[in-house]
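Me: I am new to this structure and would like a close look at a single part of it, the place where the two domains meet. Please take me through that region slowly.

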Amino acid sequence: LRSCSPGRARRTNASRRARLVARFGDIYAQERLDAETLLRTYTSDMETVQRIIYIAAVESFHAAKMAYRQFKILVRETLSLGHTGPESLEDAVLDYIVRHDDLYDVQASVNEVIRSMNINPKISFPPEIDFIVISTLIRELCRVAFSMQTLLPPLDIAFGTDGELFSENKYHRSFDSDFTAALVAYHVWPALMEDDIVIVKGEAVTKR
């Protein structure tokens, strides 16, 4: 293991949080639209395209959080062998991960996301097409989701289900929504949460 910088994670928490929240917004505005354009070359059904992208986002956060937990266990086990302080072991572990987030095996998470999407009953693709076509979007989501786990408190995305009551606090309505409908038909993009508080609204489609 490389050396760590005591207190780095706590000292840089606010600036890292601001950068990651902004990056999440950038992915929505750029990589998401690039993936949408790419997927529309394979299917003209916009609902299918948007469902694929939303599920990719959800699965990316899930895979990145799992990878973070496993990485943190490994780092803790290694650092505990020679840790003497002055910072706590948990702070030393967090400092190390923040400083060396390049050691995160993002490709393994991308592969896991694609595997999960291939067996998801809500989305389907012609057999000759693989979800690897949107791997750039998945990779960037995994990176930002992994780094968000190093924040105090960590950031996560909201859990969403088809048919849930639409929340103005959590989502913007998609432009093609029925603005009088009370229920979410499907989600376009997840909301970003901090301790169960929405800090960036997601997007959803409402229909009767």
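Reply: Buried area is the accessible area, taken with a 1.4 Å probe, that two parts lose on being put together, summed over both. With that in hand, we can turn to the model, which is a predicted one, and whose chain is divided into domain 1, residues 8-156, and domain 2, residues 158-207. The C-alpha centres of domain 1 and domain 2 are 21 Å apart, and the contact between them draws 21 residues from domain 1 and 18 residues from domain 2. Between domain 1 and domain 2 an area of about 1800 Å² is buried, and carbon and sulfur atoms give 61% of that area. On the side of domain 1, the residues that lose the most area to domain 2 are F24, Q50 and Y54, which together account for 35% of what that side buries.

Polar and charged pairs also belong to this picture. Side chains of opposite charge can pair when their charged atoms come close. Across the interface of domain 1 and domain 2 there are 3 salt bridges, and 5 residue pairs are in polar contact there, with both residues at pLDDT 80 or more. As for which parts of the fold supply the surface, the elements that give two or more residues to the side of domain 1 touching domain 2 are α2 (13-29), α4 (46-80), α7 (135-148) and β1 (155-157). Of these, α4 provides the largest share, with 7 residues. Sorted by character, the residues on that side of domain 1 divide into 14 nonpolar, 1 polar and 6 charged.

Helix α4 deserves a closer look of its own. Its 35 residues, at 1.5 Å a residue, should span 51 Å, and because its end C-alpha atoms are in fact 51 Å apart, the expected and computed spans agree. At the N-terminal end of α4, D45 acts as a cap, with a side-chain oxygen 3.1 Å from the backbone nitrogen of E47.

To return to charged pairs, K122 forms a salt bridge with D162, and the closest N and O atoms of that pair are 3.8 Å apart. For the wider setting, the count of salt bridges comes to 15, and one of the pairs is D91 with R10, where the closest N and O atoms are 3.0 Å apart. That pair links distant parts of the chain, since D91 sits in helix α5 (residues 89-99) and R10 in helix α1 (residues 8-11), 81 residues apart.

Note on methods: Residues are numbered from 1 along each chain as its sequence is written. This is a predicted model: local features need pLDDT of at least 70, side-chain atom pairs count only at pLDDT 80 or more; totals for chains, interfaces and linings use all residues. Side-chain values use heavy atoms; hydrogens and water are left out. Domain bounds come from an automatic or database domain assignment. Contact means heavy atoms within 4.5 Å. A salt bridge is a side-chain nitrogen of Lys or Arg within 4 Å of a carboxyl oxygen of Asp or Glu. A polar contact is a pair of N or O atoms within 3.5 Å; within protein, one must be able to donate a hydrogen and the other to accept it, and residues adjacent in sequence count only if both atoms are side-chain atoms. Helices (H or I, at least four residues) and strands (E, at least two) are DSSP runs, numbered from the N terminus. Ala, Val, Leu, Ile, Met, Phe, Trp, Tyr, Cys and Pro count as nonpolar, Asp, Glu, Lys and Arg as charged, and the others, Gly among them, as polar. The expected span of a helix is 1.5 Å times one less than its number of residues.
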